[in-house]
Structure formats: C-alpha cells, structure tokens
There are 2 protein chains.
Amino acid sequence: MEIACFIEAADRHCQQQGVKLTALRRQVLELVLGYPGVVKAYQVLADLQKQRGIAAPPTVYRALDFLVAAGLLHKVDALNGYIVCHHVGCNHEGLILVCGDCGRVEELDATPVLDVLRQQAGGAGFAISQQNLMLTGRCKECAV
Amino acid sequence: MEIACFIEAADRHCQQQGVKLTALRRQVLELVLGYPGVVKAYQVLADLQKQRGIAAPPTVYRALDFLVAAGLLHKVDALNGYIVCHHVGCNHEGLILVCGDCGRVEELDATPVLDVLRQQAGGAGFAISQQNLMLTGRCKECAV
DNA sequence: TTCTCAAATGTTACTTTATAACAAGCAACT
DNA sequence: AGTTGCTTGTTATAAAGTAACATTTGAGAA
C-alpha cells in the first residue's frame, strides 16, 4: 500500500530531523494522504472526529503546522488547504500546480524558473529563500 | 500629492476599461494607498467605518474585489491581504517579494517568468490562471 | 420628463478559517 | 518519585469571507 510506504518514509525523515511523528500527527498525515489533492483543515477535522469521536480545531491545526514544518505537507494559501509533498527526501524546489476545480495536484521541478526568479529578485535587492512555487489553474479534465 | 496622482491614473485606467471607479471604490483605494505595504480587508473596513460611520464586510470585499479585477490592487493570499499595484496600465501579473524580516513588499513584473511557467505547466496539462507570484526572502536592509 | 433596467451599494445573518489561553497528559531523564 | 519539556485536550473567541435579499442610483429608452 502506497500510504503505508509514505508514512514509513515520513517517519524516517522525522527521525533524521530529530522531531517526532506522533500517533496523532501520523493519523492526520494519513488522512491527508487519503485525498487525491488539496484538503482543508476542517475536512481533516471532520475525518478525525469520525475516527476518534471528538477533536477540536487546534488539534488539527497543530498537527498540520507540524507536518508543514517537517516538509511533509505544503500549504496552499490560495485555497486555504494542504497537499502532501511528494518529494520528501530530495531537496529540490517544487513547482506545485493546483487545480482550483477538483483540487488535483501536480508537482514539477521549479529549479530552472527559480534561477530566473532569484536573478530578477536579486536585482531588486531581495534574496529569495528556498521555497516552492504554487500556482493555481485548471487541469486537463476540468478545462472548459 | 502622490495618492491623488495615483487615483487620477486609476480613474483614467478604469474609464479605458469601461468600468466605473465609483466614490466608494475610490475611497477604498485611497485607504489602501495610505498604507505602506500589505493591508487586510478588515483594516480597510475599520478605516471606512471611521470615515462614514457604518460599513459592513461585503461593502469592503466588493470594492476590493473590483479593484483587484481592475488591476489596481493585488491580493496576497499568503497574508490574507492586499497591496497596491504600482504598474497600473502595464497589464501585468505581479511578482511580489515579501521580506520575512521587516514585512517590506516589492513588486516586479512576473509576466516573462509566468510565460515560461505557463508553458511548463501546459506540458503537464494545466492551464494556469491569471495570478501573482509571491516569494519570501530577505530585503537588502535585512540581509545578514 | 418619466420609466425602466442594470449596476452598485446597503443590510442582515451566517459560514468558514484560525488562534489564544490555559489545563492535562505523558515520556525521558535525574 | 520528581521535574522538565513537549504534546495534546478543552473552551472560547477572533478573523476572514460570503449568501441572500433590499434599496438606491444613474444612464438610456419611451
């Protein structure tokens, strides 16, 4: 099963970082993995409530914040949602495409374009940090 | 006064587009212009309430949405805020640089790089919508 | 002028998203 | 056991955004 495999990798990743992938965090990660694309915090919260009876917003937000900080998830600001990072081990920067309709996500390599952006930003006196580029649009299936 | 000048340009811009920069919209634009960087909708709402006694959220959101659609403002998703577009008339998408230290904002033209990104995304079956690129980093003054 | 229509704004109520603040639990070490 | 620090639970509330319908206004037609 692919989820189990990812969780295992995530666990190793966290151990390397010296942080703990606790039961709760793992559970939240599994829930996010269960979706094909973008998930919202309150969706995860609802799922969590189904599984363990009760849960409050801070429970979910803390877990999600942790997972983002650990590099296991990305936050999609434009949609107030979260997606799984599919390049946990490799530390290249991602170009994340999100379909605003169905929430499907695609990750490409953003390295070349970020080189250009770094140069452009540098000209304006800005030093761009390591990060992902997130773009929203329509995927092939949702195209009008 | 720089604000008055910008408003005038904005007015011309709207006339060219065949849309109306009404008194309310102008007032909201002026309020946003009064801030050096990112402004939040509810800050604008509070200012508006000071100036005209009462105002409800939809009043502000509608004006902000209009101003974004007209290209006079950009929405900064990651901060739930808005900034003035300093390239009115160039009809471009913004490359918005935010200093993680001091919060200073710089806007460049993202059109060329988005052309590249559109092509790359198109190869993956994604049609990228009109949007801004937001990147975080360090500005010259905050550089270590 | 007066009517009419569409766009803009007002108003009420609500939904969604997110966080503060403090209490309780738990595991790891002394 | 005691203490320490991180994690989670709990309550309450703040912040952000929208739906739905009423009212106003202004430009063009009758």
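**Two DNA strands and a two-domain chain**

Visitor: Which elements each supply at least two residues of the surface near DNA strand C?

Guide: The surface near DNA strand C takes at least two residues from each of these: α4 (57-69) of chain A, α2 (23-33) of chain B and α4 (57-69) of chain B. Please keep in mind that this is a predicted model.

Visitor: Which of them gives the most to the surface near DNA strand C?

Guide: That is α4(A), with four residues.

Visitor: And which residues come nearest to DNA strand C?

Guide: There are 17 residues around DNA strand C, and the nearest are A:Lys40, A:Tyr42, B:Thr22, B:Ile54 and B:Arg62. By class, the surface near this strand has eight nonpolar, three polar and six charged residues.

Visitor: What does B:Arg62 do with its polar side-chain atom there?

Guide: A polar side-chain atom of B:Arg62 lies 2.5 Å from a base nitrogen of DNA strand C. For B:Arg52, the partner is a phosphate oxygen of DNA strand C, 3.0 Å from a polar side-chain atom of that residue. The side chain of A:Tyr61 also has an N or O atom 2.9 Å from a phosphate oxygen of this strand.

Visitor: How much of what lies within 4 Å of the protein in DNA strand C is sugar or phosphate?

Guide: Of the atoms of DNA strand C within 4 Å of the protein, 45% belong to sugar or phosphate, and the rest belong to bases.

Visitor: Now DNA strand D. Which residues are closest?

Guide: DNA strand D is surrounded by 17 residues, and the closest are A:Thr22, A:Ile54, A:Arg62, B:Lys40 and B:Tyr42. Within 4 Å of the protein, sugar or phosphate accounts for 49% of the atoms of DNA strand D, with bases making up the rest.

Visitor: Which side chains have an N or O atom by a phosphate oxygen of DNA strand D?

Guide: Three can be named. An N or O atom in the side chain of A:Thr22 is 2.4 Å from a phosphate oxygen of DNA strand D. For A:Arg52 the corresponding distance is 3.0 Å, and for B:Tyr61 it is 3.0 Å.

Visitor: Which element gives the most to the surface near DNA strand D?

Guide: It is α4(B), with four residues. At least two residues each come from α2 (23-33) of chain A, α4 of chain A and α4 of chain B.

Visitor: Let us change topic. How is chain A divided?

Guide: Chain A has domain 1 (2-84) and domain 2 (94-137). Their centres, taken over C-alpha atoms, are 23 Å apart. The contact involves nine residues from domain 1 of chain A and nine residues from domain 2 of chain A.

Visitor: What area is buried between domain 1 and domain 2 of chain A?

Guide: It is about 650 Å², and carbon and sulfur atoms give 73% of it. On the domain 1 side, A:His74, A:Leu79 and A:Ile83 lose the most area to domain 2 of chain A, together 50% of what that side buries.

Visitor: How many salt bridges are found across that interface?

Guide: The rule finds zero salt bridges between domain 1 of chain A and domain 2 of chain A. The count of residue pairs in polar contact between these domains is one.

Visitor: Which elements of domain 1 touch domain 2 of chain A with two or more residues?

Guide: They are β2 (73-76) and β3 (81-84) of chain A. The largest share of that side, three residues, comes from β2(A). By class, the side has six nonpolar residues, two polar and one charged.

Visitor: Finally, how many helices and strands does chain A have?

Guide: Chain A has five helices and seven strands.

Technical notes:
Residues are numbered from 1 along each chain as its sequence is written. Chains are lettered from A and ligands numbered from 1 in the order in which they are written. This is a predicted model: local features need pLDDT of at least 70, side-chain atom pairs count only at pLDDT 80 or more; totals for chains, interfaces and linings use all residues. Side-chain values use heavy atoms; hydrogens and water are left out. Domain bounds come from an automatic or database domain assignment. Contact means heavy atoms within 4.5 Å. Buried area is the accessible area (1.4 Å probe) that two parts lose on being put together, summed over both. A salt bridge is a side-chain nitrogen of Lys or Arg within 4 Å of a carboxyl oxygen of Asp or Glu. A polar contact is a pair of N or O atoms within 3.5 Å; within protein, one must be able to donate a hydrogen and the other to accept it, and residues adjacent in sequence count only if both atoms are side-chain atoms. Ala, Val, Leu, Ile, Met, Phe, Trp, Tyr, Cys and Pro count as nonpolar, Asp, Glu, Lys and Arg as charged, and the others, Gly among them, as polar. A residue is near a molecule or strand if one of its heavy atoms lies within 4 Å of it.
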